Amino acid sequence: MARRNDHTKEELRELALNAAEALVAKEGLSGLSARKVAASIGYSAGSLYQLFASIDELCWELNSRTLSVLLQQLVESEQPCAAQEQLHAYALCYYEFAIRHTSSWSLLFEHKSSTCDALPVKLTAQIEDLFAQIERPLMHLNKSKAPKEVALAAKTLWSGVHGITTLAVNRKLFLSIDGAEIAMLDCLISSFLEGWCKEKPAC
């Protein structure tokens with residue numbers, strides 16, 4: 001293992017983040033500690049705290065990386081299609097991301113700051129960007145809605161998508177039907193949009 005002087009601060013941060021991701025994947029959030037991360041890259045816990053002020057900051061960095069990948073995949077799922085179809089595509093993308101990257105995705109919701117500090121500005125902005133992806137097709141489908149109504153609808157709809165995804169990831173749907181998760185996501189979005197579009201003559 002290379003010694004401390006062999007790595008720049010940026011390289012060392014990347015090593016630590018990669019090691020932390022591997023630990024979370026193997027042991028979950030409860031298995032994550034400064035000592036374990038530092039030991040896995042051949043450094044002391046004190047060295048790690050020169051890079052991250054706390055485990056909270058390390059988790060926030062991990063979550064920021066996860067959100068960056070998720071947002072990129074949502075953007076890549078965009079197609080020149082109707083707004084309804086785009087929302088279905090976003091839901092499928094979110095579900096598939098959770099299945100492929102379960103440990104990182106779970107950390108987004110399992111980590112709670114031990115000091116009750118507010119989320120970092122960068123992380124807050126990424127969350128806003130994710131919901132903006134959902135708000136755009138909703139706004140297109142019903143232009144009579146105020147921005148606050150669209151924002152509330154986006155969070156409401158995505159709470160349902162997240163709920164189905166969470167149950168599917170934890171194998172708690174208790175349905176033996178093949179593709180039940182996808183059918184449920186489609187049903188949720190179609191039903192939600194039926195009500196959302198009611199004020200418009202055509203949707």
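The following legends describe an overall view and several close-up views of a predicted model.

**Figure 1. Overall fold of the predicted model, a protein of 9 helices and 0 strands**. Read from one end of the sequence to the other, the elements follow the pattern α-α-α-α-α-α-α-α-α. Taken along the principal axes, the box filled by the C-alpha atoms of the protein is roughly 65 × 40 × 30 Å. The search for salt bridges, run over the whole structure, finds 4 of them, and one that joins helices α1 and α4 is shown in Figure 3.

**Figure 2. Segments annotated in the UniProt record**. In an unreviewed entry, UniProt lists residues 10-70 under "domain: HTH tetR-type". In the model this span is 74% helix and 0% strand, and the C-alpha atoms at its two ends lie 23 Å apart. The annotation "DNA-binding region", likewise taken from an unreviewed UniProt entry, covers residues 33-52. For residues 33-52 the helix content is 55% and the strand content 0%, with the end C-alpha atoms 12 Å apart.

**Figure 3. The salt bridge between R13 and E61**. The side chains of these two residues, R13 and E61, meet with a distance of 3.1 Å from N to O. Side chains of opposite charge can pair when their charged atoms come close. Because R13 belongs to helix α1 (residues 9-27) and E61 to helix α4, the salt bridge ties together parts of the protein that are 48 residues apart in sequence.

**Figure 4. Packing of helix α4 against helix α7**. Helix α4 (residues 55-76) and helix α7 (residues 121-141) pack with their axes 10 Å apart and at an angle of about 20°, and the two helices are therefore roughly parallel to each other. The crossing in which α4 passes α7 is left-handed. On the α4 side, the contact is made by W60, N63, S64, L67, S68, L70, L71, L74 and V75, while α7 contributes K122, L123, Q126, I127, D129, L130 and Q133. Sorted by class, the residues of this contact between α4 and α7 comprise 9 nonpolar, 5 polar and 2 charged.

**Figure 5. The crossing of helices α4 and α5**. The axes of α4 and α5 come within 10 Å and cross at roughly 140°, an angle that does not exceed the limit of 145 degrees for a roughly antiparallel pair, and α4 and α5 are therefore described as oblique to each other. The crossing of these two helices, α4 and α5, is right-handed. Helix α4 takes part in the contact through T66, V69, L70, Q73 and L74, and helix α5 through Y90, C93, Y94, F97 and R100. In this contact of α4 with α5, 7 residues are nonpolar, 2 are polar and 1 is charged. Residues L70 and L74 of α4 also appear among the residues that make the contact with α7.

**Figure 6. The contact between helices α5 and α6**. Helix α5 (residues 83-100) and helix α6 (residues 102-110) have axes that come within 5 Å and cross at roughly 110°, which makes α5 roughly perpendicular to α6. The residues making the contact are Y94, F97, A98, I99 and R100 of α5, together with T102, W105 and F109 of α6. By class, the contact of α5 with α6 consists of 6 nonpolar residues, 1 polar residue and 1 charged residue. Residues Y94, F97 and R100 of α5 are also among those that make the contact with α4.

Notes
Residues numbered from 1 in each chain as written. Predicted model: local features only at pLDDT ≥ 70, side-chain atom pairs only at ≥ 80, totals over all residues. Heavy atoms only, no water. Axes fitted to C-alpha atoms, helices over the stretch in contact; angles between N-to-C directions. Helix = DSSP H or I, 4+ residues; strand = E, 2+ residues; numbered from the N terminus. Parallel < 35°, antiparallel > 145°, perpendicular 65-115°, else oblique. Left-handed = near helix turned anticlockwise from the far one by under 90°. Contact = heavy atoms within 4.5 Å. Nonpolar A, V, L, I, M, F, W, Y, C, P; charged D, E, K, R; others polar. UniProt positions renumbered as here; feature names shortened; annotations may be inferred.
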